[in-house]
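Student: Can we work through this structure together, one question at a time?
Tutor: Yes. Look at the picture, then ask.

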Amino acid sequence: MGTIFGIPPQALFGQLLLGLINGSFYALLSLGLAVIFGMLNVINFAHGALYMMGAFVSWLLLTQLGVGYWWALLIAPIIVGLFGIALEKTLLSRLYKLDHLYGLLLTFGCALMIEGGFRHFYGVSGQPYPIPEALRGGQNLGFMFLPNYRGWVVVASLIVCLSTWLAIEKTKLGAYLRAATENPVLVQAFGINVPVMVSLTYAFGVALAGLAGVLAAPIYQVSPLMGSNLIIVVFAVVVIGGMGSILGAVLTGYGLGLLEGLTKVFYPEASNIVVFVIMAVVLMIKPAGLFGRER
């Protein structure tokens, strides 16, 4: 088999697959951040810690209760979402009328406490999580080998991201959420319980992070540091796409993941900074982000 731009096809498509996998997690996590910021105007720096919590919940369900991967996909996001409701009701709800900086500092402190708690009990070494039996092995596509589990992660991420975008942009519930963001008093006058809607919105946003953590557990080792290693890149993705833009978060997440993979093929030294270089360029040209709106 020949080469593509001097690169063997297996190496090129293998790196593109890794980029697509990273992009799937970027999209899921930035989607949750965009939902929370777009609906609540909160910069949720605890998102990476809640992603890590989702992975740990799935690992604990397996090791302590014998609950397998498929049930963990449902249970772990619910547990993380309930934790998010408690966090929103007790702390975040007091800051909605204040500057964004206060929410950022509060959630940053929460992230440090959550990560510190898991580091205290489980250390910093990673814990392995087995790939479910039904998704082991892979497919030989001729030009590359596609592991079944990694293909599942890409498909699952796409389904969740597109479903969330459709629910927010095309349904009556999404219209209520957007209206509650713009004019909560008017929406309350129509008999809609806005505080409950706000809490459920935050819970849904962090549940997406928990779901991403479950999907990541069999690929990366479950570690208290896995969230802090990822969250800065995810914030850069959100800024590039446009703070609060659902479609921008999804498209930018996948696009930057693929670009990162290509950079590892042609210029590996720049793969760790390419996202931040693009963020700097985008902010100079369009400060609101590619899909963002000027406020």
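Tutor: This is a predicted model. We start with one residue, Ala11, which has a relative accessible area of 38%.

Student: Is Ala11 buried, partly exposed or exposed?
Tutor: Buried needs under 20% and exposed needs over 50%. Ala11 has a relative accessible area of 38%. Ala11 is therefore partly exposed.

Student: Where is Ala11 placed, and how far apart are the C-alpha atoms of Ala11 and Thr63?
Tutor: Ala11 lies in helix 1. Along the chain, Ala11 and Thr63 are 52 residues apart. In space, their C-alpha atoms are separated by 36 Å.

Student: Is Leu135 buried or exposed?
Tutor: Leu135 sits in the loop between helix 4 (100-122) and strand 1 (138-140). Its relative accessible area is 14%. The cut-off for buried is under 20%, so Leu135 is buried.

Student: Which residues does Leu135 contact, leaving aside neighbours within four places in sequence?
Tutor: Take Trp152 as one partner. Leu135 and Trp152 are 17 residues apart in sequence, yet 7.8 Å apart in space, C-alpha to C-alpha. The full list is Trp70, Asn148, Tyr149 and Trp152.

Student: Which helix gives the most to the largest nonpolar core?
Tutor: That core has 86 residues. Phe25, Leu50, Tyr51, Tyr202 and Leu215 touch the most other members. With 15 residues, the top contributor is helix 1 (residues 9-40).

Student: What does Tyr51 contact beyond four places in sequence?
Tutor: Tyr51 is one of the core residues that touch the most other members. Its contacts include Leu29, Ala209, Ala212 and Gly213. Also among them are Ala216, Tyr220, Met226, Gly227 and Leu230.

Student: How do helix 5 and helix 10 run relative to each other?
Tutor: The axes of helix 5 (residues 148-170) and helix 10 (residues 246-266) come within 9 Å. They cross at roughly 160 degrees. Angles over 145 count as roughly antiparallel. So the two helices are roughly antiparallel.

Student: How many nonpolar residues are in the contact of helix 5 with helix 10?
Tutor: Helix 5 brings residues including Val154, Leu158 and Trp165. Helix 10 brings Ile246, Leu247, Val250 and Tyr254. The contact has 1 polar and 1 charged residue, and its nonpolar count is 9.

Student: How is helix 9 set against helix 10?
Tutor: Helix 9 (residues 228-241) packs on helix 10 at an angle of about 120 degrees, with axes 8 Å apart. The crossing is right-handed. The two helices are therefore oblique.

Notes. Residues are numbered from 1 along each chain as its sequence is written. This is a predicted model: local features need pLDDT of at least 70, side-chain atom pairs count only at pLDDT 80 or more; totals for chains, interfaces and linings use all residues. Side-chain values use heavy atoms; hydrogens and water are left out. Axes are lines fitted to C-alpha atoms, for helices over the stretch in contact, and angles run from 0 to 180 degrees between N-to-C directions. Helices (H or I, at least four residues) and strands (E, at least two) are DSSP runs, numbered from the N terminus. Angles under 35 degrees count as roughly parallel, over 145 as roughly antiparallel, 65 to 115 as roughly perpendicular and the rest as oblique. Contact means heavy atoms within 4.5 Å. Ala, Val, Leu, Ile, Met, Phe, Trp, Tyr, Cys and Pro count as nonpolar, Asp, Glu, Lys and Arg as charged, and the others, Gly among them, as polar. A nonpolar core is a set of buried Ala, Val, Leu, Ile, Met, Phe, Trp, Tyr and Cys residues joined through side-chain atoms within 4.5 Å. Buried means under 20% relative accessible area, exposed over 50%, partly exposed in between (1.4 Å probe, protein chains only). A crossing is left-handed if the near helix is turned anticlockwise from the far one by less than a right angle, and right-handed if clockwise.
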